[in-house]
Amino acid sequence: MVVGLKTLFAEDGVRHVDYTFTPDEALLAGCSPIHVTGKLQGKSSIVYMTLTAAFTLSLLCDRCMTSYKEAHSVPVEHVLVTSLNREDNDELILVESQEIDLDELVMSDLLLTLPMKHLCREDCKGLCAQCGKNLNEGDCGCKKKPVDPRLEALRKLLD
Ligand SMILES: [Zn+2]
Ligand SMILES: [Zn+2]
């Protein structure tokens with residue numbers, strides 16, 4: 001959604017945001033529609049953005065390959081200005097066109113925030129390397145003896 005900021009930059013006021021958009025599957029696979037709420041507050045020619053993006057991701061656990069859902073709520077907070085005249089401006093977003101594409105801004109913040117690693121739970125036990133059973137569901141009974149690399153090499157030779 002593109003929001004015009006002309007009024008907010010010109011006069012103090014608040015614009016409430018409450019909308020939903022569907023992210024591009026290529027950017028973020030398995031994502032539900034993203035619900036964006038919050039406000040844009042204009043004050044002395046500066047617009048303070050305090051938004052929250054809420055959504056659910058359908059993921060596959062890296063360890064046990066089980067699909068699971070993960071709810072996220074990510075703050076999207078920025079300070080928008082029409083010109084940069086301060087030296088310390090890392091936090092500021094320059095808006096020259098008097099409008100801003102919220103979808104784009106929300107997506108770039110989300111992609112920076114989301115973890116690269118996907119685990120269905122912190123202590124996921126993964127799959128048994130021998131029988132493939134999901135060890136979160138219980139022990140499979142396979143004997144887990146530590147593999148001696150020398151014996152392993154010998155066994156490969158004998159095979
Ligand atoms: Zn898992
Ligand atoms: Zn097993």
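**A five-stranded sheet, a helix and a second domain**

The heart of this briefing is an open sheet of five strands, running in the order 2-3-4-5-6 with mixed pairing. Strand 2 (13–21) and strand 6 (92–94) sit at the edges with a single partner strand each, so one side of each has no neighbour in the sheet. From one strand to the next, the twist averages 30 degrees. Keep in mind that this is a predicted model. The chain splits into domain 1 (2–124) and domain 2 (125–159).

**How the strands pair up**

- Start with strand 2 and strand 3 (residues 34–43): they pair in the antiparallel sense, over nine bridges. If you want a spot to look at, find Val-14, which stands opposite Gln-41 in strand 3.
- Strand 3 also pairs with strand 4 in the antiparallel sense, again through nine bridges. Here His-35 has Ala-54 in strand 4 as its bridge partner.
- Strand 4 and strand 5 are antiparallel too, with 14 bridges between them. Leu-59 is matched with Tyr-68 in strand 5 as its bridge partner.
- As a rule of thumb for viewing any of this, side chains in a regular strand alternate between the two faces of the sheet.

**The hairpin turns**

- The hairpin of strand 3 and strand 4 has two residues between the strands, and Ser-44 there takes a positive phi near 50 degrees.
- Strand 4 and strand 5 make a hairpin as well, this one with six residues between them. In its turn, Met-65 has a positive phi of about 65 degrees.

**Where the two domains meet**

- The centres of domain 1 and domain 2, taken over C-alpha atoms, are 44 Å apart.
- Eight residues from domain 1 and five residues from domain 2 make up the contact.
- Between them the two domains bury about 450 Å², with 46% of it on carbon and sulfur atoms.
- Which residues of domain 1 lose the most area to domain 2? They are Cys-64, Arg-121 and Cys-124, together 66% of what that side buries.
- As for charges, the count between domain 1 and domain 2 is zero salt bridges.
- Polar contacts do turn up: two residue pairs across the interface of domain 1 and domain 2, both at pLDDT 80 or more.

Conventions. Residues are numbered from 1 along each chain as its sequence is written. Chains are lettered from A and ligands numbered from 1 in the order in which they are written. This is a predicted model: local features need pLDDT of at least 70, side-chain atom pairs count only at pLDDT 80 or more; totals for chains, interfaces and linings use all residues. Side-chain values use heavy atoms; hydrogens and water are left out. Two strands pair if DSSP finds at least two bridges between them. Helices (H or I, at least four residues) and strands (E, at least two) are DSSP runs, numbered from the N terminus. Axes are lines fitted to C-alpha atoms, for helices over the stretch in contact, and angles run from 0 to 180 degrees between N-to-C directions. Domain bounds come from an automatic or database domain assignment. Contact means heavy atoms within 4.5 Å. Buried area is the accessible area (1.4 Å probe) that two parts lose on being put together, summed over both. A salt bridge is a side-chain nitrogen of Lys or Arg within 4 Å of a carboxyl oxygen of Asp or Glu. A polar contact is a pair of N or O atoms within 3.5 Å; within protein, one must be able to donate a hydrogen and the other to accept it, and residues adjacent in sequence count only if both atoms are side-chain atoms.
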